Amino acid sequence: MLDRPVNDLSLTPNVLKADILRHLTFTIGKDTASAGAYDWRMALCYTIRDRIMEPWFASTRRTWAEDHKRVCYLSMEFLIGRILEDATINLGLYDIAAEAMADVGQDIHDLIEDEPDAALGNGGLGRLAACFMESMATLGCPAYGYGIRYEHGLFRQRFEGGRQVETPEDWLNQTHPWEFARPESAYTIGFKGEVAIRDGREVWLPGETVTAQAHDTPVVGWHGKWANTLRLWGARATTQFDLERFNRGDYAAAAEPETLARTLCRVLYPDDTTYQGKELRLKQEFFLTSAALQDILRRFLTDHSDLRALPKHVAIQMNDTHPAIAGPELIRLLTDEHGMAFDEALGVARACLGYTNHTLLPEALERWATFTFGNVLPRHMQIVERIDSWHRRAYPNRPHFVGIVKHQEVRMGELAFIMSHKVNGVSALHTDLVKQTLFPELNSLHPGRIVNQTNGVTPRRWLKMANRPLAGLITDTIGAGWEADLDRLRELEPHIEDAGFRKIFGAAKRENKVELSNWIRAELDVSVSPDALFDVQIKRIHEYKRQLMNILETIAHWHKVRSDPTANWVPRVKIFGGKAAPGYAVAKEIIRLINDVGQVINNDPLTGDLLKVLYPANYNVSMAERMIPAADLSEQISTAGKEASGTGNMKFMMNGAPTIGTLDGANVEILQEVGAENFFLFGMTNEQAMKRREDPDQSKKAIEASQPLKDVLQMIAEGRFSPEEPDRYHALVHRVWHHDYFLVAADFDAYHAAQGEVDRAYADRDRWLRMAAMNTARSGFFSSDRTIKSYMSEVWSVTSAL
Ligand code: F58
């Protein structure tokens, strides 16, 4: 019943309540007298999940009945966050569910808050995959997301003496109520071993195997019209438990196969500092990819026989290079297991595959030592070499340095590029840089292959769900329907001229700020005024994102306020959030500095409420949902040319927070949409940055020329923020003076000046409200529905099944 209206009129709170009570009794095994929040939440989740089944089955049936082309999105990360509230809202059941819960004495808010985040990702790349899943479901684009069911998602962060401490995330300690285990969907995944010749053909004889087993989570779109599947692979031992060895007392050896299986799905790698020696990571990547491809072929062969037709039916998207082994693995399956000729298999694979690049940072581009690669995947090493020589023969005039295997390394970027029919960047600027700097030779050999697909975010989660007050105002002003047609936000524009509208817009923001202030008081024991300017930088901690520049500027501001505390300062609350990769020492030093600075500033009676620095630990999707609607100012201050796109920037914009930012990633397009008068632009362009780096003394010169920055660095070097260990930050200060690749010093004054402009704009309430509302009104372009529609037509050649 795909055209069932979302507000199924026969559905009343009483009907839902009966379902909840039934689940409480028969699924959870608790009675109402002893049920706690966890039990009630589970009962509610199962009740909501029940309602997804019909659209889910109907979607699957229709896809197969119409033999509809489908998208398979391969990603090492899906940063889903919580599911309950999102699914309930998409099904149009929120109000009914809230009433049903109230009827049994439970507050739905508390239950929503009780759900742990599914933190199966590091940052933007993983969250993008989650937004894409939701948009594909909303648009009726038949799709499977393929990922890994990590036992521990991204680590949990806490601060000890201001330092990041990592502990394992244990989201699977509780039952995950949204998934269905599919023990029958299992595939054998091999590693290592050798390649033998049998009947004149290569045969891979793996030395180790594990079994990949599917766990399916339905992803329901807006109004419950369509639901797709997120299929996450868990691992189990292929070989039977070795009872003989166990009985001999050799317990460790008996458990070896289980250990390999457990290790594979244990943790998500949060590291982009280096890829050296990460055999396990390579195994994880192959595990995901091989399981997904075997699944894709098995499904295809259930009702087709000619594998040459695969590209007509399946588009496979590689989310970054992590699943780039898909090229050689698909060729291996088609040739070794299904008897296709190599050249034909290569053509089929390339017609199916697409590759999205998410970074220009050379250290984050995967390369595997041929020794490691050949050891873990000996058959694939041969295939990679064959692809390389095929490409060499097909393009004899190519520059000699274009190749997949070079300097005893397998370059996954080049492999992904050569094995794809389309390669895309994630913002207009990034795509240009992918063409010019990352793959210039491949781009000229394959003109037209690189296309741009500017990222987007789902407005259902990031506006409708996260920001009730603003979503309510939007519906009251322009009517319902904008949630799935975000360009309609433009209809708000004429209303911005209306003082009454601006007032309600301001009140909605304030409501969110009051809520965040209450949370901050409860979590951090700090009082902040909701009338202060909430200035927010939340993202992975990385040098290129320049949280360091933010905290240095905060110190400069503090210094200024102290010198004249009675002047008419705009009170500011500086909010940071984010995790550093455990092996990334410099990022961890920045975290510690922010916390140390916060300690001093927050306890300074002279500045009092005029400035606070907050850094709640363990930033995740749920924390973002709390902070973004309450933000006044969005910090997007990366060194130009380094942030591929950014997606947080889009979420802030949608929620009416103007950006202070550089000409980097999607900031460029945000600026274009919202206009210079509604954006605080500062800093060097990518070209200027590249030129600037040619001068080895550039940072020294910038510091010498900036009294505020000089003072700030002096204060840090003297131990003003680390009195118990005055030289704690000597190395950090030294780096800013002498090895400032990310141009913190060179951009500092421009940033400081832009922050002054922010203060002036905020002090004029009316001006600020216009800017803020304009940001929301012009954010329609950044819906992931737009992005997905564009992938569907330009990359995947898939149409909607709705
Ligand atoms: C992010 N990449 C980009 N990588 O940094 C961001 O500009 C972009 O908006 C986003 O992708 C979506 O396109 C990103 O999040 C990672 O998290 C790495 C994954 C592999 C391990 C190291 C981090």
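K192 is buried in this predicted model, and its relative accessible area is 19%. That value counts as buried because the limit is under 20% relative accessible area. To find K192, look at the loop between β7 (180–191) and β8 (194–198). Its backbone deserves a glance too: K192 is not a glycine, yet its phi is positive, at about 60°.

Another residue shares this topic. R546 also has a positive phi, near 60°, and is a residue other than glycine. You will meet R546 in the loop between β19 (533–538) and α23 (547–563). With 1% relative accessibility, R546 counts as buried.

Let us move on to T238, which lies in the loop between β11 and α7 (243–247). Is T238 buried or partly exposed? At 31% relative accessibility, T238 counts as partly exposed. Leaving aside residues up to four places away in sequence, T238 touches T188, T209, V210 and T211. You can also trace a line from T238 to E258: they are 20 residues apart in sequence, while their C-alpha atoms are 8.4 Å apart in space.

Strand β11 comes up again when we turn to the aromatic rings. A pair of aromatic rings is described by the distance of the centres and the angle of the planes. How many aromatic pairs does a search of the whole structure find? The search finds 20. One of them joins Y146 and W233, which are stacked, with 6.2 Å centre to centre and 0° between the planes. This pair links distant parts of the chain: Y146 belongs to strand β4 (residues 143–148) and W233 to strand β11 (residues 227–237), with their positions 87 residues apart in sequence. Y146 counts as buried because its relative accessibility is 0%. W233 is buried as well, and its relative accessible area is 0%.

For an edge-to-face arrangement, look at Y762 and W768, where the ring centres are 5.1 Å apart and the planes stand at 75°. Both of these residues are buried. Elsewhere, ring pairs connect Y73, F132, Y791 and W796 into a cluster.

Rings can also have a charge above them. The charged end of K513 sits over the ring of F534, at 4.8 Å from the ring centre. In a second example, the charged end of K651 sits over the ring of W462, and here the distance to the centre is 4.3 Å.

Our last stop is empty space. Rolling a probe the size of a water molecule over the atoms shows where empty space is left. The largest pocket of this structure has a volume of about 640 Å³. It is lined by 25 residues, and the closest to its centre are H109, E113, A466, E515 and R626. Which elements give two or more residues to the lining of the largest pocket? They are α3 (84–90), α5 (108–114), α19 (459–465), α20 (468–478), α22 (499–524) and α25 (621–627). Of these, α22 gives the most, with six residues. As for the character of the lining, it divides into nine nonpolar, five polar and 11 charged residues.

Key. Residues numbered from 1 in each chain as written. Predicted model: local features only at pLDDT ≥ 70, side-chain atom pairs only at ≥ 80, totals over all residues. Heavy atoms only, no water. Phe/Tyr/Trp six-rings, centres within 6.5 Å; stacked < 30°, edge-to-face > 60°. Helix = DSSP H or I, 4+ residues; strand = E, 2+ residues; numbered from the N terminus. Buried < 20%, exposed > 50% of the residue type's maximum accessible area, 1.4 Å probe, protein only. Lys NZ or Arg CZ within 6 Å of the ring centre and 35° of its normal. 1 Å grid on protein atoms, 1.4 Å probe; cavity = no way out; pocket = protein on both sides within 12 Å on 5 of 7 lines; lining within 4 Å. Points joined across faces, edges and corners; volume = space filled by probe spheres on them. Nonpolar A, V, L, I, M, F, W, Y, C, P; charged D, E, K, R; others polar. Contact = heavy atoms within 4.5 Å.
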